[in-house]
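Me: Please take one small part of this model and look at it closely with me, then follow the chain outward from there to the parts around it. I am a first-year student, so I would be grateful for careful steps rather than a quick list.

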Amino acid sequence: MIKVVVDAMGGDYAPLEPIKGAVDAVTKKDNLHIILAGKEDIISSELQKLSYPKDRITIQNASEVIDTDEPPVNAIRRKKDSSIVVGMNLIKKKEADAFVSAGSSGAILVGGQVIVGRIKGVERPPLAPLIPTEKGVSLLIDCGANVDARPSHLVQFAKMGSIYMEHVIGMKHPRVAIVNIGAEEEKGNALVKETFPLLKACKDIHFIGSIEAREIPHGGADVIVSEAFVGNVILKLYEGVGATLISMVKQGMMATLRSKIGALLVKPALKDTLKAFDASQYGGAPLLGLNGLVVKTHGNSRAREICNSILQCQTFKEQQINEKIRESLSLESAGE
């Protein structure tokens, strides 16, 4: 039985959507046990409205909530009985396998490092969301955890990202590329120029060189390496452009009688195409390199994304991703 803690108080639509996501997950998989962390009376009230296997969802009371506008370090220190701190302590004490939250990004990043702790040898844990592409999905690593990364950090991101894509997504020899302003090796800022030869010399990844942002939606690489500032800009622009295009297509189809008739004809095919570019079906962004699994989902996550994030945790645990990361780092240390 895989135990996943869900922050029932985190996100724009808490507690209802996280609770519904948890119920959906245990309904789909019979080897999952969900622990809902948060205010017990509120969670119990919502659960009473739903039908679910009672023995596979339990509540861990947490009387406090960390708001998104609170300074992360202070919040983690002061709110010891918050749903984030209580949930992460369950991971630290090995009483659960994973933690999923749509709450404060800063608090989750700080809590992951301070409470759960890094795997020995991991310099910085990156946030790594799956993003939809023309060829399926790619892993964007890092998208928000390490703004001032060093070359050695990016090399570790590439290695951890390759392990994740191979064993969670099932992609053999995933192609690794570093985000750059051109394809030529001599291009880029100081960080990219210094990191490029290190990635090129790395024998346990399939490095294909630089990738420009316009090639990312086409699936130009399977693991896209960047420091957090660039990665976050890519992710947010990706989401914004996608939402805008979908909205404009819908408006265009409803503009005239002829376009409405055409919309009815293309609706099934268009629905499938747009579904492939819906990032919520891939779950949240794991914070790789920690002693336990921590997954950050969007603040506006609905039940579907919470559910998929929980199922993502199950695959992560079954494929022993942390053990594989430890093995990779131990081989690296032995080589040195």
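Reply: **A close look at Ile84**

Leaving out residues up to four places away in sequence, Ile84 touches Asp7, Ile66, Ile76, Phe99, Ser101, Ser104, Ala107 and Ile108. Please keep in mind throughout that this is a predicted model, and that every value below is computed from it. Ile84 belongs to helix 4, and Ile84 counts as buried because its relative accessibility is 2%, where the cut-off for buried is under 20%. The C-alpha atom of Ile84 is also 8.1 Å from that of Gly10, although these two residues are 74 apart along the chain.

Gly10 leads us to a cavity, since Gly10 is one of the residues that line the largest one. In general, rolling a probe the size of a water molecule over the atoms shows where empty space is left. Here the search counts one cavity of 30 Å³ or more, and the largest cavity holds about 30 Å³ of space. Its lining includes Gly11, Asp12, Tyr13 and Ala14, then Glu17 and Pro18, and, from much later numbers in the sequence, Gly299, Ser301 and Ile306. Sorted by type, the lining residues are five nonpolar, four polar and two charged.

Two of the lining residues just named, Ala14 and Glu17, sit on either side of a feature that deserves a pause. What kind of peptide bond joins Ala14 and Pro15? The bond between Ala14 and Pro15 is cis, with omega at about 0°. Pro15 lies in the loop that runs between strand 1 and helix 1, so following the chain onward from this loop brings us to helix 1 itself.

Helix 1 covers residues 16–28, which makes 13 residues, and the distance from its first C-alpha to its last is 18 Å, close to the 18 Å expected at 1.5 Å a residue. Its buried residues are Glu17, Pro18, Ile19, Gly21, Ala22, Val23, Ala25 and Val26; Glu17 and Pro18 thus appear both here and in the cavity lining. What covers the buried residues of helix 1? Among the elements that do so are strand 1 (2–7), strand 2 (32–38), helix 2 (40–47), strand 3 (57–61) and helix 10 (303–318).

Let us now return to helix 4, where Ile84 sits, and go forward along the chain. Lys94 is found in the loop between helix 4 (83–92) and strand 4 (98–101). Its phi is near 65°, a positive value in a residue that is not glycine. Is Lys94 buried or exposed? Lys94 counts as exposed because its relative accessibility is 60%, and the cut-off for exposed is over 50%. Ile84, by contrast, is buried at 2%.

Further along the chain comes a second cis peptide bond to compare with that of Pro15. This one joins Ile141 and Asp142, with omega at about 20°, and Asp142 is in the loop between strand 6 (136–141) and helix 6. Cys143 is buried, because its relative accessibility is 5%. A search of the whole structure finds zero disulfides; for Cys143, the nearest cysteine sulfur is that of Cys313, 16 Å away, whereas a disulfide needs the two sulfur atoms within 2.5 Å.

Helix 6 offers a second buried residue to set beside Ile84. Because 14 of the 17 residues of helix 6 are buried, this helix is largely enclosed by the rest of the structure. Met165 lies in helix 6, which spans residues 151–167, and Met165 is buried with a relative accessible area of 0%. Apart from its neighbours within four places in sequence, Met165 is in contact with Leu130, Val137, Ser138, Leu139, Gly170, Met171, Pro174, Asp222 and Val223. Of these partners, Asp222 is 57 residues from Met165 along the chain, yet the C-alpha atoms of the two are separated by 7.6 Å.

After helix 6 the chain enters the loop that leads to strand 7 (175–179), and His173 lies in that loop. His173 has a positive phi of about 50° although it is not a glycine, and His173 is exposed because its relative accessible area is 62%. Lys94 and His173 can therefore be read as a pair: Lys94 is exposed at 60%, and His173 is exposed at 62%.

Notes
Residues numbered from 1 in each chain as written. Predicted model: local features only at pLDDT ≥ 70, side-chain atom pairs only at ≥ 80, totals over all residues. Heavy atoms only, no water. 1 Å grid on protein atoms, 1.4 Å probe; cavity = no way out; pocket = protein on both sides within 12 Å on 5 of 7 lines; lining within 4 Å. Points joined across faces, edges and corners; volume = space filled by probe spheres on them. Nonpolar A, V, L, I, M, F, W, Y, C, P; charged D, E, K, R; others polar. Helix = DSSP H or I, 4+ residues; strand = E, 2+ residues; numbered from the N terminus. Expected span 1.5 Å × (residues − 1). Buried < 20%, exposed > 50% of the residue type's maximum accessible area, 1.4 Å probe, protein only. Contact = heavy atoms within 4.5 Å.
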